[in-house]
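Here are a few notes to help you find your way around this one. Have the view open while you read.

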Amino acid sequence: LSEYGYEQLVYFYDKPTGLKAITCIHNTVLGPSLGGTRFWNYATEEEATTDVLRLARGMTYKSACAGLNLGGGKSVVIGDPDELKNDIVRREAFFRAFGRFIEGLGGRYITAEDVNTTTADMAYINMETDYVCGLENKSGNPSPFTALGVYKAMRAAGEAAFGKEGGLKKRKVAVQGVGEVGKNLCKLLKADGAELYITDINAEKVEKLAKELGATAVDKDKIFDVDCDIFAPCALGGVINDETLGRLKCKVITGAANNVLLDPEKHGKAIHDKGIIYAPDYVANAGGIINVYEELHGYNEDNVRRSIEHIYDLTAEIIRTSQEKNIPTGQVADAMAEARINAIRNVNSIYLG
Ligand code: NAD
């Protein structure tokens, strides 16, 4: 915990429902920690712990860079998501028990939807605590906003690599994963005149979207070999690694997936040295958290869109600094996030009377 400055790591177990969950609060200097709840069939508690630690820290940097007054946190629920899929009675008890544990953290952590949790689960949690967002009829599904932010980051990275003329028109973009974010990103890119190459482990999704947008379907194992201008990872983390780096032919990497670089330091430097422009994942994919944050202050979609617009400027500034100082973009973004946290750290020490 001390190596990366974590504040708190909490294990929850509720015997009657079988709930096993872990919440990690990385940093609360800028505000309450906020991050989604992931439901995953982890092989061991150690694996779940590693995941929640990594994800919570990422949330601190994401919110700090996006200019939000939020800290970083995350939760993981250990178990088989399919087991509770059709058992509404058990699912309600399971997530209400989780909600009570979250309530017990007294607002230091606010949860939201993540992989394998739904708005219905958030409603169960909300029966026990107000420290939950992304509720139905409030900010709703964040994915279209995440896609918009990724698109803005890609415009900035594209301009840095290929010049301002023509935007992304005729640029070949390879999109890995056409789920909620990937498919919305593809629609924005299509409207810009980009040439799309898409893949997913779900062949049905690929076929449907390829037909709708006139995109080229690519085998899931061949996506790294596509002769493209831009690679957009919108499926999993860790996809830029020793094995894939040598295969990539792109000049730009911008996507929605968290923790795209398997080893941020090593692979961040390697792509920088190869001359590939990388829009840091947590800068590009902040549209979703910007949308959810707005829910904490009422909800106004115009405010959300204005804030997401800023992702373009932020990405451009990060790339500029990276080129001027000849350091990887991830390093620039980390320094920006840390500078904001350190600058705000002592504001609360001013006595208000
Ligand atoms: P999703 O589950 O809707 O879509 C992911 C897609 O990737 C699925 O269609 C899945 O079949 C596909 N996929 C999985 N493994 C694959 C592989 N090996 N090759 C090709 N395709 C594969 O998820 P999403 O909400 O679209 O999120 C996509 C990514 O962006 C995730 O990594 C998520 O953590 C991240 N993210 C999402 C949001 C958001 O608002 N949804 C916000 C920030 C970050």
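The points below take a buried strand, then an open sheet, then a surface patch.

1. Before anything else, keep in mind that this is a predicted model.

2. A good place to start is β5, residues 71-78, where 8 of 8 residues are buried. Both of its faces are covered. On one side you'll find G71, G73, S75 and V77, and on the other G72, K74, V76 and I78.

3. Which strands pair with β5? Among them is β2 (residues 19-27), which runs antiparallel to β5 over 6 bridges. Strand β3 (residues 33-34) pairs with β5 in the parallel sense over 2 bridges, and β4 (residues 37-40) is also parallel to β5, joined by 4 bridges.

4. For some landmarks in β5, look at G72: N27 stands opposite it, and L34 stands opposite G72 too. Further along, R38 has V76 as its bridge partner.

5. Now move to the open sheet of 6 strands, which goes β9-β8-β7-β10-β11-β12 with parallel pairing. Its edges are β9 (216-217) and β12 (277-278), each pairing on one side only. Helix α6 (residues 203-213) packs on this sheet and touches β8 and β9, with its direction at about 170° to that of β8.

6. Within that sheet, β7 (residues 172-176) and β8 (residues 195-199) are parallel partners over 5 bridges. One pair to pick out is Q176 with T199 in β8.

7. Last, the surface: I344, V347 and I350 make a nonpolar patch of about 260 Å². V347 lies in the segment after α12 (329-344). Why can V347 count towards a patch? Its relative accessible area is 44%, so V347 is partly exposed and passes the over 30% cut-off for patch residues.

Notes:
Residues are numbered from 1 along each chain as its sequence is written. This is a predicted model: local features need pLDDT of at least 70, side-chain atom pairs count only at pLDDT 80 or more; totals for chains, interfaces and linings use all residues. Side-chain values use heavy atoms; hydrogens and water are left out. Patches are made of residues with over 30% relative accessible area and no salt bridge: like charges are joined within 9 Å, nonpolar side chains (Val, Leu, Ile, Met, Phe, Trp, Tyr) within 5 Å. Accessible areas come from the Shrake-Rupley method with a 1.4 Å probe; for residues, only the protein chains shown count as cover. A salt bridge is a side-chain nitrogen of Lys or Arg within 4 Å of a carboxyl oxygen of Asp or Glu. Buried means under 20% relative accessible area, exposed over 50%, partly exposed in between (1.4 Å probe, protein chains only). Two strands pair if DSSP finds at least two bridges between them. Contact means heavy atoms within 4.5 Å. Axes are lines fitted to C-alpha atoms, for helices over the stretch in contact, and angles run from 0 to 180 degrees between N-to-C directions.
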